[in-house]
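These are my notebook entries on a structure that I had not opened before. I wrote down what I looked up, in the order in which I looked.

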Amino acid sequence: MTSILNVDTIAAKDGTSPVGLLKADTIKFRAMHSGDSPTVDDSLNLSSLDDISAGNYRYNFTNNFSNGFYTPSALSTEDASIGYVVMYYSRNYSTRASNDLELNGIDHGNQYDDGRWTSVHSSGDLA
């Protein structure tokens, strides 16, 4: 027999604190988008995506991280016309911010470039 559990709220024993589900860190932000004139295909905790220039994106969070020391990771696909694109923290990104993430795509010729598809995710504590 199949069981179904339907609930509106799960609370800690004190009735108000959030429930600690895992000791492990979980993804708090993710975005999957196309390269040129980016269209967001899927996201979590993304309020907007700014296409600053070729290969330069700013991801604005709906809910800020508690500080600038969350852990982002990004991948971009190869495109036959430009080769591979590697994602880095923006070269102009001198201060890590809790409200956004700025990344650059750099191709094999060390030029700013958009990959065909880009996937970004971050873990850390939200504010």
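**Strands, sheet and rings**

I began with one pairing in this predicted model: β6 and strand β7, which covers residues 100-107, run antiparallel to each other and are joined over five bridges. Within this pairing I looked up Val-86, and I found it standing opposite Ile-106 in β7.

I then asked in what order the strands of this open sheet follow one another. I noted four strands in the order β3-β4-β7-β6, with antiparallel pairing. The edges are formed by β3 (46-53) and β6 (85-89), each of which pairs on one side only. For the twist I wrote down an average turn of 25° between neighbouring strands of this sheet, with direction ignored. As a reminder to myself, I added that strands of a sheet pair through backbone hydrogen bonds, in either a parallel or an antiparallel way.

Next I stepped back to the protein as a whole, where I counted eight strands and zero helices, so that, by the DSSP runs used here, the elements read β-β-β-β-β-β-β-β from the N terminus on. Of the 127 residues, 33% are buried. When I took the contacts between residues at least 6 apart in sequence, I saw that 57% of them join residues at least 24 apart. The exposed surface comes to about 8300 Å², and carbon and sulfur atoms supply 50% of it.

How many aromatic pairs are there, if ring centres must lie within 6.5 Å? I recorded six aromatic pairs. The one I looked up in detail joins Phe-29 and Phe-61, whose ring centres are 4.9 Å apart and whose planes stand at 65°, so I entered the pair as edge-to-face. Because Phe-29 lies in strand β1 (residues 27-34) and Phe-61 in strand β4 (residues 56-61), this pair ties together parts that are 32 residues apart in sequence. I also checked their cover: Phe-29 is buried with a relative accessible area of 0%, and Phe-61 is buried with a relative accessible area of 5%.

A further entry concerns Phe-65 and Tyr-70, whose ring centres lie 4.2 Å apart with the planes at 20°, so this pair is stacked. Both Phe-65 and Tyr-70 are buried.

Finally I asked which residues the ring pairs link into a cluster. My list reads Phe-29, Tyr-57, Tyr-59, Phe-61, Phe-65 and Tyr-70.

Methods:
Residues are numbered from 1 along each chain as its sequence is written. This is a predicted model: local features need pLDDT of at least 70, side-chain atom pairs count only at pLDDT 80 or more; totals for chains, interfaces and linings use all residues. Side-chain values use heavy atoms; hydrogens and water are left out. Two strands pair if DSSP finds at least two bridges between them. Helices (H or I, at least four residues) and strands (E, at least two) are DSSP runs, numbered from the N terminus. Axes are lines fitted to C-alpha atoms, for helices over the stretch in contact, and angles run from 0 to 180 degrees between N-to-C directions. Buried means under 20% relative accessible area, exposed over 50%, partly exposed in between (1.4 Å probe, protein chains only). Contact means heavy atoms within 4.5 Å. Accessible areas come from the Shrake-Rupley method with a 1.4 Å probe; for residues, only the protein chains shown count as cover. Rings of Phe, Tyr and Trp (its six-membered ring) pair if their centres lie within 6.5 Å; planes under 30 degrees apart count as stacked, over 60 as edge-to-face and the rest as tilted.
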